[in-house]
Amino acid sequence: MARFTLAWALAVLLCVSLANADWFDWTNSVHKSFKADPDDYAGGDAKEIVGLWWGRDDTYDYFRMDLGALPTLGDYADVYGIYIYSNPSDGAPVSNAYVPDDPIFAGTDQIVATYLTFGSVSSSHLQDWYDGSGPGGGPMGGWYDTNFTPIGDYFQQLTSGIGYEWRIPTSSLPLDYGFRGTTFNFGAQTSYDITDWDDTPEPSTWALLALGLPAIVWYRRRQMK
Ligand SMILES: [Ca+2]
Ligand SMILES: [Ca+2]
Ligand SMILES: [Ca+2]
C-alpha cells in the first residue's frame with residue numbers, strides 16, 4: 001500500500017511538473033538567442049522588459065519576454081507583445097490600433113500579443129498583416145486575426161522566471177525575420193518599454209545547426225576513406 005501511494009504521489013508530481021514546464025528548453029537548446037534590455041523604464045517593474053528570447057524546434061518558433069515583475073491589477077489595458085518584420089515592402093502603419101504610436105513600429109507584418117484585463121490575461125492574438133499572399137485572408141492591407149484557441153496552446157506565463165512565453169507554428173512564418181518586443185498601453189498606443197531589433201539566425205547558420213550531428217558524421221566518414 002505504501003509503495004502504491006508513493007508511486008501515485010510521484011505520478012502526480014510528474015504530471016504537475018510537466019504541466020508547468022516551459023515549452024522550449026531555454027537553458028540547453030542551441031537553437032536560441034537572447035537579447036538583454038536595460039533597466040530603462042521608470043514607471044513600473046511589470047512594464048519593464050529585462051530580456052527577450054527567441055528559439056526554434058521542429059514545430060514552433062518560440063518567444064520569451066522576461067519582465068521586472070509580473071503584471072497586476074494596476075496593469076489594466078496593457079499589451080505584452082512581439083512585433084515581427086518578415087516583409088520589407090509591406091506591413092501595418094503606426095496609425096493602426098494594434099501598433100504602438102512610434103515610427104520604429106511601421107511596417108509590422110505579424111504580431112503575437114497578450115492582452116491583460118485587471119491583471120489577468122483576457123486574450124492572446126496572432127495577427128498577420130494581409131498583403132495578398134500567404135495564409136490568411138482579407139481585407140487587403142488589414143489584419144488577419146487568428147485568435148489563439150485555446151489561448152493556452154500558444155501562450156503561457158513563464159514558470160522558470162517572471163514573464164511570458166509564446167509559440168507560433170514555424171510553418172506560418174518565414175525562416176528569416178526581424179522582431180522586437182514591447183509593453184504598451186492599448187488605446188493610448190504609447191509604448192512603456194521597447195527592446196532593440198533582433199534577427200533570427202542567418203538561414204545558412206540555421207541549416208548547419210539543423211543538420212547538426214549527421215552532417216559531422218558524414219563529413220568524418222568521408223575524410224576516413
Ligand atoms: Ca527594459
Ligand atoms: Ca514589413
Ligand atoms: Ca528598452
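**Exercise 1. The nonpolar core**

Task: In this predicted model, find which of the 33 residues in the largest nonpolar core touch the most other members, and which element gives the most to this core.

Solution.
Step 1. Start with the residues. Those that touch the most other members are Phe 63, Met 65, Ile 82, Tyr 83, Ile 111, Val 112 and Trp 166.
Step 2. Turn to the elements. Two or more core residues come from each of S2 (49-56), S3 (60-67), S4 (78-85), S5 (110-117), S6 (120-130), S9 (163-169) and S10 (178-185). Strand S4, with five residues, gives the most.
Step 3. Take one member, Met 65, and look at its contacts. Leaving aside residues up to four places away in sequence, Met 65 touches Ile 49, Leu 52, Tyr 80, Gly 163, Tyr 164 and Gly 181.
Step 4. Add the general background. Nonpolar side chains tend to be buried together in soluble globular proteins.

**Exercise 2. The open sheet**

Task: State the order of the strands in the open sheet of five strands, and explain why one side of S1 and of S8 is left without a neighbour in the sheet.

Solution.
Step 1. Write down the order, which is S1-S2-S3-S9-S8, with antiparallel pairing.
Step 2. Look at the ends of that order. Strands S1 (32-36) and S8 (155-157) are at the edges and have a single partner strand each, so one side of each lacks a neighbour in the sheet.
Step 3. Consider the angle between strands. Ignoring direction, neighbouring strands of this sheet are turned by 15° against each other on average.
Step 4. Examine one pair inside the sheet. Seven bridges link S3 and S9 in the antiparallel sense, and Tyr 62 has Arg 167 in S9 as its bridge partner.

**Exercise 3. Strand S10 and its partners**

Task: Decide whether S10 is mostly covered or mostly open, and find how many bridges S10 forms with S4, with S12 and with S11.

Solution.
Step 1. Count the buried residues. Six of the eight residues in S10 are buried, and the strand is mostly covered.
Step 2. Take S4. The antiparallel pairing of S4 and S10 runs over eight bridges, with Val 79 opposite Phe 184 in S10.
Step 3. Take S12 (residues 198-199). Two bridges join this strand to S10, and the two run antiparallel; Gly 178 stands opposite Asp 199 in S12.
Step 4. Take S11 (residues 190-194). Four bridges hold the antiparallel pairing of S10 and S11, and Thr 183 has Asp 193 in S11 as its bridge partner.

**Exercise 4. The loop between S10 and S11**

Task: Which residue other than glycine has a positive phi near 60°, and is Gln 189 buried, partly exposed or exposed?

Solution.
Step 1. Describe the turn. S10 and S11 form a hairpin with four residues between them, and Gly 187 in the turn has a positive phi of about 110°.
Step 2. Find the residue asked for. Gln 189 has a positive phi, near 60°, and is not a glycine. Its place is in the loop between S10 and S11.
Step 3. Compare with the general rule. Most residues other than glycine have a negative phi.
Step 4. Judge the exposure. Gln 189 has 18 C-beta neighbours inside 10 Å and therefore counts as partly exposed; a buried residue needs 20 or more.

**Exercise 5. The whole chain**

Task: How many helices and strands does the protein have, and what share of its 225 residues is buried?

Solution.
Step 1. Count the elements: two helices and 12 strands.
Step 2. Read along the sequence. The pattern is α-β-β-β-β-β-β-β-β-β-β-β-β-α.
Step 3. Give the share: 32% of the 225 residues are buried.
Step 4. Check the contacts with a separation of 6 or more. Residues 24 or more positions apart account for 57% of them.

How values were computed. Residues are numbered from 1 along each chain as its sequence is written. Chains are lettered from A and ligands numbered from 1 in the order in which they are written. This is a predicted model: local features need pLDDT of at least 70, side-chain atom pairs count only at pLDDT 80 or more; totals for chains, interfaces and linings use all residues. A nonpolar core is a set of buried Ala, Val, Leu, Ile, Met, Phe, Trp, Tyr and Cys residues joined through C-beta atoms within 7 Å. A residue is buried if 20 or more other C-beta atoms lie within 10 Å of its own, exposed if 12 or fewer, and partly exposed in between; C-beta atoms are placed from the backbone. Two residues are in contact if their C-beta atoms, placed from the backbone, lie within 7 Å. Two strands pair if DSSP finds at least two bridges between them. Axes are lines fitted to C-alpha atoms, for helices over the stretch in contact, and angles run from 0 to 180 degrees between N-to-C directions.
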